[in-house]
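Here are a few short exercises to work through with the model open beside you. Try each task before reading its solution.

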Protein chains: 2
Amino acid sequence: MQPSWLVNGRQEQVDPRDRGLAYGDGLFETMACHAGGIRWIEHHLDRVLYGCRRLAIPVFDRNLLRSEILSVCPIAGSAVIKLIVTRGIGERGYRAPEPASPTRIVSTAPWPEIPAEHYTVGVSLKTCTLRLGENPQLAGLKHLCRLEQVLAQMELAGSDAGEGLLRGSSGLVVGGITSNLFAVRDGRLLTPRVNRCGVAGVMRRVVLKHAADTGLDSSEADLDVTALVESEELFITNAVFGIKPVRALDTHEFGVGPTTCRLMRLLGYGPVT
Amino acid sequence: MQPSWLVNGRQEQVDPRDRGLAYGDGLFETMACHAGGIRWIEHHLDRVLYGCRRLAIPVFDRNLLRSEILSVCPIAGSAVIKLIVTRGIGERGYRAPEPASPTRIVSTAPWPEIPAEHYTVGVSLKTCTLRLGENPQLAGLKHLCRLEQVLAQMELAGSDAGEGLLRGSSGLVVGGITSNLFAVRDGRLLTPRVNRCGVAGVMRRVVLKHAADTGLDSSEADLDVTALVESEELFITNAVFGIKPVRALDTHEFGVGPTTCRLMRLLGYGPVT
């Protein structure tokens, strides 16, 4: 499957003066498309529009974004759909253009093959050496400045880890390189705060909401690696794979626990049968 | 003057899958062009090639970069030339393509009008609220992840400050939003370290080298705002404007001191006459 895309609704390329390229001045969403629809699409739209407000990027029309996203969804099968929004073309310099004319890019990519054992046995995490810089003004946003994640991903080369565990410069755990992380301790669901760095993932929101709806005690917390190792269960989340149990954190092993299994089953994630 | 650009040597646009746009996975240089030549071009080439090595981006041929940069320089007058290099087009995901086929973009922009009093009286600095995240693996590099600088620049809206002063999350001073900073204390030249965050500017290198060559005592230092206020002189540097004295830091005022004047004169920066 060849990637295809739309830039501001047209099949064209990107202006080299776009501030998304020049300064990482924008946001993105990575979404799961199945049979022509996007799972959790309203959550994705919520987040990107919230991010625009946080960055003072003029907010797009929600219906326009939704219809453009859906217009590139294949009707059959599954695909990954990506939305990028940027502050648009600007003159040289950090000063934001006034008024800005933001850019939107929607594109499709093949659905990744997810091995069944990622759901039945789990994935292993490796703690990365790189520590994320902490800036509350960017924390939680899925902005385009992702060089830290690119470098962290390089640390996994040659290892059999399925995901890297990231800490912030203060030493607290943030989550996976491409995922959020949950721990189950004493039957409670805990997930790292994303108020210093990290991304407030759509699946993270779904899991927290689902926990609240079903009476499962859950909260955001300051967690270090020791707290993770002492947990009964760990799992990671993102909008493409949903929920995956963690079978190992470095040398420490975990089983696939009942809370993880219950959430996977109730939210409809698991091996394709 | 219309901006013009070359993407990998051709007058075309940028592929939306370019990792510079997707992840800020690249570097840039902003250079001063006068009468067809680039001032400090070998320093700029040094820095971008060093940055490629730090980020494991395949290193470009230095002669190719130099000739492409010079090919867009107007023969008469002055212009700002920008070079962007990225890891190139990639599939979805942070994992770097192997082998990568990096992208290079050279572009021209109009030379800014710099008021004569910026050199004769100086500019005022305003301390920004935003504090830069600190990550030693990215520190010093002029990488494409500049959303912090975009947000900091917004803090200057409505103020008459010519530049924003940035601190890192640890509270130490880093420099200006678009410049490096020097202080003169007891006749010694001091400049913030850029080992936690910040950019190791080309003009910063030029000034440090010039100080060493002329017997002016200079060093990198951990500086807080109090240390700046207690300084005899402050000045800021970048490769476009060169050196500008600082006339005020928030409410604290400075004169244009002898060390600043000497460096401006010896390095050939000042009002256009």
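**Exercise 1.** Work out which surface the copies meet through.

*Solution.* Start with the interface residues of chain A: 100% of them are also interface residues in chain B, so the copies meet through the same surface. Contact here means heavy atoms within 4.5 Å. Next, superpose the copies: a turn of 180° and a shift of 0.0 Å along the axis lay chain A on chain B with an RMSD of 0.0 Å. The two copies are thus related as by a two-fold rotation axis. The fit is by least squares on the C-alpha atoms of residues with pLDDT of at least 70 in both copies.

This is a predicted model, where local features need pLDDT of at least 70 and side-chain atom pairs count only at pLDDT 80 or more, while totals for chains, interfaces and linings use all residues. Residues are numbered from 1 along each chain as its sequence is written, chains are lettered from A and ligands numbered from 1 in the order written, and side-chain values use heavy atoms, without hydrogens and water.

**Exercise 2.** Find which strands of chain A stand at the sheet edges.

*Solution.* Write down the order of the open, antiparallel sheet in chain A: β1-β5-β4-β2-β3. At its edges stand β1 (4-7) and β3 (37-38) of chain A, each with a single partner strand, so one side of each has no neighbour in the sheet. Strands are DSSP runs (E, at least two residues), and two of them pair if DSSP finds at least two bridges between them.

**Exercise 3.** Locate the cis peptide bond in chain A.

*Solution.* Check omega: it is about -5° for the bond joining A:E98 and A:P99. Then place A:P99, which is in the loop between β4 and β5 of chain A.

How values were computed:
Helix = DSSP H or I, 4+ residues; strand = E, 2+ residues; numbered from the N terminus.
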